[in-house]
Amino acid sequence: MKKILFLVVSLYFLSFNSYSQKVDGGCNTRISSIQEEWLKSWVLKHADNYRNVKSGTIYMPIKAHIVGRDNGTGYYSLATLLQVICELNTRYQPVGFYFYLDPEINFIDNSLFYEDGSSQDAYNSMAANNVADEINMYFVQASPGLCGYYAPWLDCVCIIGSCGQPGGTTITHELGHFFSLPHTFNGWEGGNTPGPAQLELVNGSNCQTAGDYFCDTPADFLSYRWNCPYQGTQTDPTGTSYNPDPTFYMSYASDICTNRFSNLQIGAMQANANTRTTLINQGTPNMTIVTKLPTNCTPSNFDFDLIPNQTILRWTKPSNAAYSLVQLASFGGGAIIKEVITSDTFLVLNNLNASSPYQWRVRGFNVGYTCDNATMFSNWNTFSTGEVFNAVSNISNEKSIYAFKNGVGENCIAYYDNANTNIETAHVKVYNALGVLQLSKDLNFGINTLSEMNEMPAGTYFAFVERKGVRISQFKLVK
Ligand SMILES: [Zn+2]
């Protein structure tokens, strides 16, 4: 008997090796022994009456903890967070759960946590930052080998940002653990082999006491990421061919294969949620759908010379939106520099670079309806900060650079430098309203006609004059 078991186990490992090519990070989570005992007894009591727990929707708040580097960079996107909560609500609709966002986002600047979400630093930080009566969800850059995990001893989930993207099912899976669900391959985690009593037979005869204890999830021994449909040739210890179901969120089948919880899984999650009385009894969130755009956005349209350490963004919220999501980016479709969720209608930016172009946009939303809708963001509004005079006080005569239109309406830049007899060549770059570079050329001493702009469409342009790579002047040009 032992020999047979050994042979079977060896075959599994051979097969696993072929699947391990597709490893892209599982979660390695095992629910706690207390949860497992609770689950086993629940299954035995309720297997025939699994949807008796509570009718109606259960509303629960998510507390997002966004972990970044020590210098405050690398944050998981708040716009993405809104999208994935929207997706969660679609996937958990058959469960009867509805998640809403706690608008107080907790940003944690801790490089050690950010780079290894399963480090001691991470656990210490989670213990210090967890808040009561909410689903605590941490977003980090990496946790070696994992896409995310549920920490039973802290009762929170940790998500690797790249796995927590729209379309992925990592967050859905980890919340399954949060609500007591084991993997469908329970006991096989980390390449382990369950003992004979825990080894679920394909014929289902021991389904209530082995595997994940759910008789409506067939035997599954695949603790590595696998693609559907299952194409292996494994058998269970009785020699019965093995056919795992790839559609379960709690399996390790590829994200694109998974799309459901079983009825018993749903019943167990509902029962678990109902033990969390302070989590589930906080009322109904504001679920109003915001379809209108914010208005009166300032600065906009290439407003100039904003104070770098006190630029104030202002807008009018759509009337039915309680919150706004504001995004600041470098000009020209650059990376998002800052995202803020606020109930205010202004945002003070106090650490912008001097003499630099930026763009920003805003959308209204409510915490109970975070679904993305392209019409809800305003257009990108562009502006530029001015100079910090202390920093450029050695440039004494830059007023001798100016833009004007000549007699036939062409944009020109005059470049004089009266104090300097040894004139350095300057350089001009002209961008269109989308921040796309349209023209780059050297400026000669004297009048420079930007006749290249004659071919460009009418509109607003943005010109920077640089000398030795340092910006010395900037202009808004209208054509
Ligand atoms: Zn898992």
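1. The term pLDDT stands for the predictor's confidence in each residue, on a scale from 0 to 100, and it is a sensible place to begin, since the structure shown above is a predicted model. Over residues 1-24 the pLDDT stays under 50, and for this stretch the model has 20 contacts beyond four places in sequence. A second stretch, residues 389-397, also stays under 50, and here the model has 7 contacts beyond four places in sequence. Where pLDDT is low, the predicted coordinates should not be read in detail.

2. Those two stretches should be set beside the figures for the protein chain, which averages a pLDDT of 85, with 87% of the residues scoring at least 70. The chain is made up of 479 residues, of which 36% are buried, and its secondary structure comprises 8 helices and 21 strands. If one takes the contacts between residues at least 6 apart in sequence, 69% of them join residues that are at least 24 apart.

3. The next point concerns a pair of helices. Two packed helices are described by the angle between their axes and the distance between the axes. For helix α2 (residues 33-46) and helix α7 (residues 263-275), the axes come within 11 Å and cross at roughly 115°, and the crossing in which α2 passes α7 is right-handed. On the α2 side the contact is made by L39, W42, V43 and H46, while α7 contributes L264, G267, A268 and A271. Sorted by class, the residues of this contact are 6 nonpolar and 2 polar, with no charged residues.

4. Strands of a sheet pair through backbone hydrogen bonds, either parallel or antiparallel. One open sheet in this model has 5 strands in the order β8-β14-β13-β10-β11, and its pairing is mixed. At its edges lie β8 (303-306) and β11 (336-342), each of which pairs on one side only, and from one strand to the next the twist averages 25°.

5. Within that sheet, strand β10 (residues 323-330) and strand β13 (residues 357-365) run antiparallel and are joined by 8 bridges. A student who wishes to follow this pairing in the structure could look for L328, whose bridge partner in β13 is W360. Helix α3 (residues 78-91) packs on the sheet, where it touches β10, β11 and β13, and the direction of α3 makes about 135° with that of β10.

6. Another open sheet is formed by 3 strands in the order β7-β9-β12, with antiparallel pairing. Its edge strands are β7 and β12 (346-349), each pairing on one side only, and neighbouring strands of this sheet are turned by 10° against each other on average, with direction ignored. Strand β9 (residues 311-316) pairs with β12 in the antiparallel sense over 4 bridges, and R314 stands opposite F346 in β12.

7. A last point concerns T298, which is found in strand β7 (residues 295-298). Is T298 buried or partly exposed? T298 has 14 C-beta neighbours inside 10 Å, and because a residue needs 20 or more to be buried and 12 or fewer to be exposed, T298 counts as partly exposed. T298 and R361 are 63 residues apart along the chain, yet their C-alpha atoms are separated by 10.0 Å.

Technical notes
Residues are numbered from 1 along each chain as its sequence is written. This is a predicted model: local features need pLDDT of at least 70, side-chain atom pairs count only at pLDDT 80 or more; totals for chains, interfaces and linings use all residues. Axes are lines fitted to C-alpha atoms, for helices over the stretch in contact, and angles run from 0 to 180 degrees between N-to-C directions. Helices (H or I, at least four residues) and strands (E, at least two) are DSSP runs, numbered from the N terminus. A crossing is left-handed if the near helix is turned anticlockwise from the far one by less than a right angle, and right-handed if clockwise. Two residues are in contact if their C-beta atoms, placed from the backbone, lie within 7 Å. Ala, Val, Leu, Ile, Met, Phe, Trp, Tyr, Cys and Pro count as nonpolar, Asp, Glu, Lys and Arg as charged, and the others, Gly among them, as polar. Two strands pair if DSSP finds at least two bridges between them.
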